[in-house]
Amino acid sequence: VQISRRDDGCSDPEKAADVARLLIADETLAGVIGPMCTTGAQAADRLYERAGVIHISPSATRGDLSEQGERFFFRTVWRDDAQAFVQARYAIDELHAETAVLVDDAEPYGNALADAFAERFADEGGTILGRKRVQSGTTDFSSLVREVIDSEAAVVVYEGLNPEGALLVKALREGGYTGGFIGPDGLLSVRDFIATAGSGAENAIVTGGLTPSPEFLELYVALYTRPPATAFVLQAHDAVTALLRAIETVAVTDSAGNLTIDREALAHALREQRFAGLTGSITFDERGDRSGETPEELGIAVYRVVNAAFVRVR
């Protein structure tokens, strides 16, 4: 197996589609690790599907990507609604929070997470006391802080990115709010969240992917002379592992000595396998999503900020 690297532009749909056309033109293509981002995946997935090419995304989390009835789409990253499920369960089980104020950043990522959290929290018996939105670039959260304190909500759940997430939790603590705070993987950054929020970040709960072990980082730097440039490096590693394991299962050598891989059989082999990946136990459901209900099966970790560091608590 040889690697052919292409830049699909992440959120550039035209570039993602162009790269897909380039790759599927090669009849020796066994599979694709990607697309990287949701916007690119929306444009390229249908091309890979039409060509019958396995494509395993390590980083595109939007739920509806796997709801198009495709046979060749898989992902080793979590779905947005799976992350919201883990957040809701933690709020209920560990924080004993029966009420919440839900805030999103009005962007597709944050909005999808907020919708999913609202549904999951209600299913678990919780009550959303209010849903608020903060636009990108917001720096004054004083009115929102007053509303949160007046609501007496047990937890504030913010679904979105930094710096708004960091500035919000900082404003909440400076304003006297003492309840819980939960945020998504978009906040999982020491520099952008903890350093920006300062002491306000202490005890904040942030969900996201597992972080590489020191041993993994040491090996990675030895191979590539730099640390990983993406938070999804472990998901990418597991995606490659899944593809190679499936290839080993179905690849055959024909009478002419050529190695051949039946793509339908390859998709079937991916759905049939189960293995312990670096991000947890991995098995795929009929849609190509990770199957399971526990954080470990979904590839999600729960972190608490303790002494200016993310400490895994689940």
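In this predicted model, the face of helix α7 that points away from its buried side carries two exposed residues, R191 and A195. On the buried side, the helix holds F193, I194 and A197. Looking down the axis of α7, these buried residues fall within an arc of 90°, so they line one face of the helix. Their cover includes helix α6 together with the strands β7 (180-183), β8 (205-208), β13 and β14 (310-312).

The two ends of α7 also have details to look for. At its start, a side-chain oxygen of S189 comes to within 3.4 Å of the backbone nitrogen of R191. Just after the helix, G198 adopts a positive phi of about 60°.

From here the view can widen to the protein interior. In soluble globular proteins, nonpolar side chains tend to be buried together. The largest nonpolar core here has 33 residues, and the members that touch the most others are V103, L168, L172, F181 and F193. Two or more residues each come from β4 (99-104), α5 (142-151), β6 (155-159), α6 (164-174), α7 (190-197), α8 (214-224), α9 (233-250) and β13 (301-305). Of these, α6 gives the most, with five residues. A good place to start exploring is V103: beyond its neighbours within four places in sequence, V103 is in contact with K132, V134, L144, V156, V157, Y158, E159 and L168. A second core, separate from this one, has 25 residues and includes V77, L102, A116 and F117.

Helix α3 (residues 80-93) offers another buried position, A84. The relative accessible area of A84 is 0%. Setting aside neighbours within four places in sequence, A84 is in contact with L113, A116, F117 and R120. By contrast, the C-alpha atoms of A84 and R6 lie 32 Å apart, with their positions 78 residues apart along the chain.

Open space is the last feature to visit. The largest pocket encloses about 2,100 Å³. It is lined by 48 residues, of which I3, S4, R5, I33 and V240 are the closest to its centre. Elements that give two or more residues to this lining are α1 (13-24), β1 (32-33), α2 (38-51), α8, α9, β10 (259-260) and α10 (263-272). The largest share, seven residues, is that of α9. Helices α8 and α9 thus appear twice in this account, as each gives two or more residues to the largest nonpolar core and two or more to the lining of the largest pocket.

Methods
Residues numbered from 1 in each chain as written. Predicted model: local features only at pLDDT ≥ 70, side-chain atom pairs only at ≥ 80, totals over all residues. Heavy atoms only, no water. Core = buried A, V, L, I, M, F, W, Y, C linked by side-chain atoms within 4.5 Å. Buried < 20%, exposed > 50% of the residue type's maximum accessible area, 1.4 Å probe, protein only. Helix = DSSP H or I, 4+ residues; strand = E, 2+ residues; numbered from the N terminus. Contact = heavy atoms within 4.5 Å. Arc of directions from axis to C-beta. Polar contact = N/O pair within 3.5 Å; in protein donor to acceptor, adjacent residues only side chain to side chain. 1 Å grid on protein atoms, 1.4 Å probe; cavity = no way out; pocket = protein on both sides within 12 Å on 5 of 7 lines; lining within 4 Å. Points joined across faces, edges and corners; volume = space filled by probe spheres on them.
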